[in-house]
Amino acid sequence: MRSGRLCVAALLGLTAFLATSALARDDGRYANSPLKPWFESLHSEYGQCCTDADGYVVADADWESDKGHYRVQIDNEWVAVPDGAVITEPNKIGRTMVWKHYIDGHPRVRCFMPGSMT
């Protein structure tokens with residue numbers, strides 16, 4: 001009986017940890033950016049992307065497009081970008097950005113905004 005309670009408590013603790021680790025990490029560095037409202041308005045089929053403080057700039061060598069589908073390298077792992085994660089509105093900063101999260105220790109894409117590849 002006691003081990004069952006410990007197991008339930010451990011699972012609840014793990015669930016709480018995973019839920020809070022997925023929250024936005026906006027620390028205020030970009031509070032005065034003129035693009036802050038635009039970044040905060042970005043969303044994909046998976047929900048709000050949050051702000052540029054949550055996104056990561058991707059070097060041109062770390063993403064590619066093939067027949068309208070994207071792949072991006074995150075943490076040395078190539079990840080297929082789900083079509084629903086692609087931001088389709090014009091990219092106001094011109095740089096490729098990805099908003100990521102993790103499932104089973106592997107990176108996944110919540111939002112992806114292709115850049116100009118210049």
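A single disulfide is present in the structure, which is a predicted model. The bond connects Cys 49 with Cys 111, at a sulfur-to-sulfur distance of 2.0 Å. The torsion about the S-S bond is -95°, and the link between Cys 49 and Cys 111 is accordingly described as left-handed. Distant parts of the chain are brought together by this pair, the two cysteines being 62 residues apart. Cys 49 belongs to the loop between strand S2 (47-48) and strand S3 (56-57), whereas Cys 111 is found in strand S8, which spans residues 106-113. A disulfide is, in general, a covalent bond between the sulfur atoms of two cysteines.

Both ends of the disulfide are inaccessible to the probe. Cys 49 has a relative accessible area of 0% and is buried; Cys 111, also with a value of 0%, is likewise buried. Because buried status requires a relative accessible area under 20%, the 0% computed for Cys 111 places this residue in that class.

The surroundings of Cys 111 were examined further. When residues up to four places away in sequence are excluded, the contacts of Cys 111 comprise Ser 44, Gly 47, Gln 48, Cys 49, Ala 85, Ile 87, Met 97, Val 98 and Trp 99. The disulfide partner, Cys 49, is thus listed among the contacts of Cys 111. In addition, a C-alpha separation of 8.2 Å was computed between Cys 111 and Gly 84, which lie 27 residues apart along the chain.

An open sheet of three strands was identified, with the order S4-S5-S6 and antiparallel pairing. Strand S4 (63-66) and strand S6 (77-81) form the edges, each pairing on one side only. From one strand to the next, the twist averages 25°. Strands S4 and S5 (residues 69-74) run antiparallel and are joined by four bridges. In general, the strands of a sheet pair through backbone hydrogen bonds, in either a parallel or an antiparallel manner.

Within this sheet, Glu 64 is positioned opposite Arg 71 of S5. The side chains of Glu 64 and Arg 71 also form a salt bridge, with an N to O distance of 2.7 Å. Neither end falls in the buried class: Arg 71 is partly exposed at 34% relative accessibility, and Glu 64 is partly exposed at 35%.

Three salt bridges were found over the whole structure. Besides the pair already described, a salt bridge links Lys 36 to Glu 40, with the closest N and O atoms 2.9 Å apart. Lys 36 and Glu 40 are separated by about one helical turn because they lie four residues apart in helix H2 (residues 36-41). Glu 40 is partly exposed, with a relative accessibility of 34%.

A further salt bridge is formed by the side chains of Lys 100 and Asp 75, at 3.6 Å from N to O. This pair links distant parts of the chain, with Lys 100 in strand S7 (residues 97-103) and Asp 75 in the loop between S5 and S6, 25 residues apart. As a general principle, side chains of opposite charge can pair when their charged atoms come close.

Terms used: Residues are numbered from 1 along each chain as its sequence is written. This is a predicted model: local features need pLDDT of at least 70, side-chain atom pairs count only at pLDDT 80 or more; totals for chains, interfaces and linings use all residues. Side-chain values use heavy atoms; hydrogens and water are left out. A disulfide is a pair of cysteine sulfur atoms within 2.5 Å. Buried means under 20% relative accessible area, exposed over 50%, partly exposed in between (1.4 Å probe, protein chains only). Contact means heavy atoms within 4.5 Å. Two strands pair if DSSP finds at least two bridges between them. Axes are lines fitted to C-alpha atoms, for helices over the stretch in contact, and angles run from 0 to 180 degrees between N-to-C directions. A salt bridge is a side-chain nitrogen of Lys or Arg within 4 Å of a carboxyl oxygen of Asp or Glu.
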